[in-house]
Each structure stands twice: as C-alpha cells, then as structure tokens.
Amino acid sequence: SFSTFIIISFLIIVHELGHFLTAKKLGIKVDKIVIYPFGGIAKFNMPLNTSIIKEIIILIMGPVFQVLAYFILLKTMPDQIESIKLYHYSILIFNLLPVYPLDGGKLVNLFFSLKFSFKNSFYLEILISYLMVFLLIIVNRENININLLIIVIFLLYKITKEYKQIELFYNKFLLERYINKYNFKHSIIINNINKFHRNKRHLLKTSNKYYLEEEILKKIYKNR
C-alpha cells in the first residue's frame, strides 16, 4: 500500500510540476495546485486573452513530465514495474479525456478556439464533457463502485459550474481587451457582439456599417 501511495503521488506531483515550471517560464502565475487521489488541478492566474499556443504548451507539459516520472520510477522501483505501468497509464489516459477540468478538456477548448468564437468554444467543450461523462458511466455500468461515483460527481459538478460561469468569463474576456488594447495579427469580421474570438481583432458589421473593435468595447464599457 505504501509503494502504491508513493507511485501515484510521485506521478501526480511531477505531472503538476510540469504545468507549474512551464507556466513560470512563460511568465504565467500559478495560484495553487490542488491534488486529488486521481490527479491534480493547477489553477493559473492569467488573462483569458493569453496566447492559445502558450496555454497549449503549458497543458501538454504536464503529461510530458509525467512520462519522465514514469521512467524514473521504472529505474528506481524495478520490483513494482506492473503497478507503475498500471497507475501511470490510468492517470495519463484519464487526464487526457476530453472532459473539463481535465487537461484533455482544456485542450479541446483551446483547439476549438483556433476556429470558433470564445463562447462557442466553451459551449462545445461543455457539451463534449457531458457526453464523455455519460459514456464513462455507460462503459462501466456493470462495474460501478464508490470511486467511480465520486469521480463522476466531481466531474459533473465542475462541468456544471463552468457552464454557469460562461457569461462571467466572456465579460471578463471583453473587459481585458478593452483595458489592455491587445495587438493581434489576424482580423475577422463578425455580425454579433457574442462572436468575439481569441487571438483575433474584430470588425463588427451591422446593416451597412462597420465598427472597429475599440469602438464596440468603448460603447459597452464607457458608462460602467
């Protein structure tokens, strides 16, 4: 039991260390790291308009560091090879599931953000997350135990909480752009204020008129 605790703890801690060190290197502050029996969650203090590529790098370095931890354990605990393989791949695969707040769910959101608007990327992430949890229940319906129930309840709670905060996130997203005046390379024409994208400037078309992003945001926030 103690060796199992050491293996799981080492894998999870090194995984989160990968997020932490990469974020620090890229100038992103990590508020805290929460460790659960089935994984960890790093909470970053960064603008919602942070570069998508930068966020992707931070997220993938968690699994990369975990793979390094896996090989270290294989070398230092040769008598526990089967257990190391079991826990490593279980944690790695689970964490890469496209479910919020797991790394896989966050990556899904970021990849959607390359094509879709900020809001639509979140809605798609939430939809896929709910579907994956439902699929997780269906696949394990004959082997449901207390551990699985705890994980499912935790994930549903996190997904629902994220869904309820989408409008709040979007308002913060727009306010950041109004205050900081980001200089993005690519531009896009939109016809609705709810269709702002990450990493792009916007030109709003209404009837036969066009409005610059700065004009739109100024109109929204000048009286607030």
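In what order do the three strands of the open sheet lie, and is their pairing mixed? In this predicted model, the order runs β3-β4-β5, and the pairing is indeed mixed. Strands β3 (186-190) and β5 (209-212) sit at the edges with a single partner strand each, so one side of each has no neighbour in the sheet. Going from one strand to the next, the twist averages 25 degrees.

Looking at the β4 end of things, β4 (residues 200-206) pairs with β5 in the antiparallel sense, over four bridges. One residue pair to look for here is L203 with its bridge partner L212 in β5. Helix α8 (residues 213-221) then lies across β4 and β5, and runs at about 80 degrees to β5.

Now for the helices. Helix α1 (residues 2-25) packs with helix α3 (residues 81-95) at an angle of about 35 degrees, and their axes are 10 Å apart. The crossing of α1 past α3 is right-handed. On the α1 side, the contact is made by T4, I7, I8, L11, I12 and H15; on the α3 side, S83, I84, Y87, H88, I91 and N95 meet them. Sorted by class, this contact has seven nonpolar and five polar residues, with no charged ones.

Aromatic rings turn up too, with a count of 11 aromatic pairs. F118, F122, F169, Y170 and F173 make up one aromatic cluster. Elsewhere, Y178 has a charge over its ring: the charged end of K181 sits 5.0 Å from the ring centre.

Note on methods. Residues are numbered from 1 along each chain as its sequence is written. This is a predicted model: local features need pLDDT of at least 70, side-chain atom pairs count only at pLDDT 80 or more; totals for chains, interfaces and linings use all residues. Side-chain values use heavy atoms; hydrogens and water are left out. Rings of Phe, Tyr and Trp (its six-membered ring) pair if their centres lie within 6.5 Å; planes under 30 degrees apart count as stacked, over 60 as edge-to-face and the rest as tilted. A charge sits over a ring if NZ of Lys or CZ of Arg is within 6 Å of the ring centre and within 35 degrees of the ring normal. Axes are lines fitted to C-alpha atoms, for helices over the stretch in contact, and angles run from 0 to 180 degrees between N-to-C directions. Helices (H or I, at least four residues) and strands (E, at least two) are DSSP runs, numbered from the N terminus. A crossing is left-handed if the near helix is turned anticlockwise from the far one by less than a right angle, and right-handed if clockwise. Contact means heavy atoms within 4.5 Å. Ala, Val, Leu, Ile, Met, Phe, Trp, Tyr, Cys and Pro count as nonpolar, Asp, Glu, Lys and Arg as charged, and the others, Gly among them, as polar. Two strands pair if DSSP finds at least two bridges between them.
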